[in-house]
Amino acid sequence: MTVVKVELKRTPQDYKWTKPPEWCPGCGHFGILQALLQVFAELNMEPSRTVLVSGIGCSSRLPHYVRTVSAHTIHGRAVPFALGLKLANPNLEVMVVGGDGDLFAIGGNHILGAGRRNVDFTVVLMDNAVYGLTRGQAGPTLPLGLQPKALNKPNPQADLNPLLVALASGFTFIARSYSYDIRYTAKLIKEAMLHKGSALVQVLSPCVTYNNIMTREWYEKRVYKLEEADPTWDPVVHDEKEDYEKRRRAIEKMLEIERLPLGIFYKNELVPTFEERYAQMYDPNYLKFPPALQPIEKDGKSVIDFYRLMADRIL
Amino acid sequence: MEDELASIAAAAGAAMAGARAATATSGPGLSLMAETISMLGMAELGVVLTIWARAGPSTGLATRTAQQDLFYSLFIGHGEFPKIVLASGDIEEAFYDAIKTANWADKYQVPVIHLVDKDLSNTFVMMPLPDPYSVRIERPRPVVFQEEKNANRYELTEDGLPVRLLPGVSKAVYHVVSLEHDPEGDPDEDAEMVKKMYDKRMRKIDLMLKEIPEEDKVRWYGPRDAEVAIVSWGTTKPQILAALEELPGVGFLQLRLLAPFPAEEVKRYLAGKKTLFIEGNYMGQSALLVRMYTGIEADAVAVKYNGRPVTADEVVEAFKRFKAGEKRIELDWDL
C-alpha cells in the first residue's frame, strides 16, 4: 500500500458511518468492526480513497457501518469486483470483507484466481462456519459431523481450510485471528494492509445465534498464538531460498485442528504484485496513469492515435 | 479473469473506479454474467457487454452464427432496471457503435449490451477507413469536493442519473450497493423510499429515448412510400441491402436500438405498410418484440436457424414466398 501523509489525524470514531450495526447482540463481527476502525485510525486512512468491498451475508453488511467508500455487491463476487477496482486505480486502498460462505463456497474460485495474481489488496474472512443471514445452514468451514442447531442431521461434508487454499493459490500474506481478541485482530489486519501483495486474514468469529457448537468457549479452549508458543516463530520469507521451508512450516501449523494457532503463518514480499508485473511487462506508465485516471479524450476527441494503432491493417 | 462471473464483476469494479469498462462474451458466458447485470442496474454502474451471439441452445453449434439471443439480451437480469441493447448491422456500424455504447454506459450508468453475432464478429472485410474522431467521446465529469465529505451517490435526481463520484478522486465518502437503498447507499426497505428509488432508476428510460438520436434507433432504406417493409436487425443488413437491388419499391427498416424500444419511430415507419420480418432464429423474435411494443402484427416472418447466415438470395426468395401468401417462411440454405 502507499501511505499518504495528511495533517488531519483521525480517530476510530471518524470511521463510523451514519448508521449503527444491525448484528445480533454479542456477534463476533462486532470485534472485527472495532478492530477495523482502530486500524484505519492508526494508519490514518483517507476514507474517500479507501474502498471496502463485500458480497452477501451478515459479514458483508460491515461496509454499511464504516465511513469509507464501499461497494456491497452480490453473493460471491466481492473479490473480482475488488480486483477490477484496484487494477483500474492502484492508488486505492482496497479491502474485501466477507464470510466463509461468500468467499470460500460460492466465491471460492475467485480466491484461487486472486492468489495467482498477487494484487496488492486485503481479504478479511469473517469465519463463523454457518450462513447466519439465512438462519444457520452449514458453511464451507463447518467440520464434518457437527450439527449446529439449524441442521436436522449432522454435517455430511468436510470443512475446507481457507489458509491452505490461500497458500496453495499464491496469497503472500496469510494470518488467522479470533474476533473477541480485538487488539490482536487489529494488529494482524494492520500487518495485512501494510503487506505488499494479496493478504488473507481469517478471523474466527462466533455466530451467537446459529452456531451453538463453535462458541466463544469452544474457540477459547483451542486458540493459541504462534509467537507465544514459539518465540522463534518467523513466518517471513527473507530470501527466496527460504520459501520452501517457510511454506512447509506454515502448512504444518495450518494443519493443526485440535488446537487452532493464531498469528501470521506466511509472509512473502519477494513475489512481485500484479501491478508491478503489469507495469513491467505491458505498460511502464500504468501506475502513474492507470485506466481510471488516464484521460481518454480532449474536447470530445479520442486521445488515441487510431491510425498508428491500426497501421498494419490500413491499405 | 478466471470466468465470466469474474470478468463482469471486475468490469463493474473498474467502472466504479472511473475507467471505461467493457467485457465480451457469447451466450454461455452471458448466462454466467446475468446476476451481475442485474446488480449493474441496481448499483447504477455502466459496463458495455459485447455479445458475440452464436447458435444454441447450450454448446449448440459453438462456432456458427445465429440471432437467437435477442430476447435473452433484452430480458437478462432478474428484476426490472433500465438497460440498453444496440444491434449493429455491419462492421462499420459496429466500429462506431462501440464508441457510442461506451458513451452511454458512462452517461446513463446502466448495463449496455452491444449485440453482434458470430457472423459479424468473425468476418474480415475491406471497409472504408473509419474516422473514430467523428464520434464525440462523452463522459460526465466527476464531482470533486474541496474537502472530504459524505455524499449521496443515489440522490433522487430529476433525470434519474446518479451523481458521478469516483473513489480517490471526488474526495467523497459514499456507499455503492446492490440492495434497494436510501440516497446514502445503505439498505432501505421503507415503502415510500423503495418506490422513489425505483422511479428514479426507471426515469432513465425516458431520458435515453429522448436523447439517443433516431439514426441509432432505426434506419430506413429504400423508398419511403414503399408498400412493403422488410424488417430486420443485426447482421442480416448487408444481405437485405443487396437483395433490395432486385426488389424495387421495397423498403427496409433496420432496428438498431432494441432496448429501450423506440416504439414511436417504429410505428411511424411501419404505418400503413405490409411487413416481412427476416431473422436468424426460430421464433421470429423481433416480430414478436415489435408486436409487443407497437401492436403491429407481422404479415410474414422469414426465419433461419441452421447455423448459417441469411443470404441475399434467400431474402429475395423470402420476398417471393411472402408475395405468394406464405406467413411463416423457413429458410434453410447451406453455404
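# Exercises on a predicted two-chain model

Let's warm up with Cys58(A): with a relative accessibility of 22%, it counts as partly exposed. Keep in mind that this is a predicted model.

**Exercise 1. Work out how many disulfides the structure has, and why Cys58(A) is not in one.**

Step 1. Recall what we are looking for: a disulfide is a covalent bond between the sulfur atoms of two cysteines.

Step 2. Search everything. Over all chains, the search turns up 0 disulfides.

Step 3. Check Cys27(A). The nearest cysteine sulfur belongs to Cys24(A) and is 6.4 Å away, and Cys27(A) is in no disulfide. The cut-off here is 2.5 Å between the sulfur atoms.

Step 4. Now go back to Cys58(A). Its closest cysteine sulfur is in Cys27(A), and because the two sulfurs are 6.6 Å apart, they are too far for a bond.

Step 5. Compare the surroundings. Cys27(A) has 12% relative accessibility, so it counts as buried, whereas Cys58(A), at 22%, is partly exposed. The line for buried is drawn at under 20%.

**Exercise 2. Find which strands pair with S2(B), and in which sense.**

Step 1. Look at how covered the strand is. S2(B) is largely enclosed by the rest of the structure, because 7 of its 9 residues are buried.

Step 2. Start with S1(B), residues 22-25. This strand runs parallel to S2(B), with 4 bridges, and Thr25(B) has Ile51(B) as its bridge partner in S2(B). To get from S1(B) to S2(B), the chain passes through helix H2(B), residues 27-43, in a right-handed β-α-β crossover.

Step 3. Move on to S5(B). This pairing is parallel too, with 7 bridges. Trp52(B) is partnered by Val116(B) in S5(B).

Step 4. Finish with S3(B), residues 61-65. Here the sense is antiparallel and there are 2 bridges; Arg54(B) meets Thr65(B) in S3(B). The two strands make a hairpin with 5 residues between them, and Ser58(B) in the turn has a positive phi of about 50°.

**Exercise 3. Decide whether the faces of S11(B) are covered or not, then find its partners.**

Step 1. Count the buried residues in S11(B), which spans 250-255: 6 of 6.

Step 2. Split them by face. Val250(B), Phe252(B) and Gln254(B) are on one side, with Gly251(B), Leu253(B) and Leu255(B) on the other, and both faces are covered.

Step 3. Take S9(B), residues 218-221: 4 bridges tie this strand to S11(B) in an antiparallel arrangement. Trp220(B) sits opposite Leu253(B).

Step 4. Take S10(B), residues 228-233: this one runs parallel to S11(B), with 6 bridges. Val231(B) has Leu253(B) as its bridge partner. Between S10(B) and S11(B) the chain goes through helix H7(B), residues 237-244, and the β-α-β crossover is right-handed.

**Exercise 4. Describe the largest pocket: its volume, its lining and which element gives the most.**

Step 1. Get the volume: the largest pocket holds about 1600 Å³ of space.

Step 2. Find the centre. There are 45 lining residues, and the closest to the centre are Phe306(A), Met310(A), Phe95(B), Ala98(B) and Pro130(B).

Step 3. List the elements. Those giving two or more residues are H11 of chain A, plus S2, H4, S5 and H5 of chain B. H4(B) gives the most, with 8 residues.

Step 4. Sort the lining by type: 33 nonpolar, 8 polar and 4 charged.

Technical notes:
Residues are numbered from 1 along each chain as its sequence is written. Chains are lettered from A and ligands numbered from 1 in the order in which they are written. This is a predicted model: local features need pLDDT of at least 70, side-chain atom pairs count only at pLDDT 80 or more; totals for chains, interfaces and linings use all residues. Side-chain values use heavy atoms; hydrogens and water are left out. Buried means under 20% relative accessible area, exposed over 50%, partly exposed in between (1.4 Å probe, protein chains only). Two strands pair if DSSP finds at least two bridges between them. A crossover is right-handed if, with the strands pointing away from the viewer, the path from the first strand over the helix to the second runs clockwise. On a 1 Å grid over the protein atoms alone, a cavity is a set of points where a 1.4 Å probe fits but cannot get out, and a pocket is an open set with protein on both sides within 12 Å along at least five of seven lines; lining residues have an atom within 4 Å of a point. Grid points are joined across faces, edges and corners, and a volume is the space filled by probe spheres set on the points. Ala, Val, Leu, Ile, Met, Phe, Trp, Tyr, Cys and Pro count as nonpolar, Asp, Glu, Lys and Arg as charged, and the others, Gly among them, as polar.
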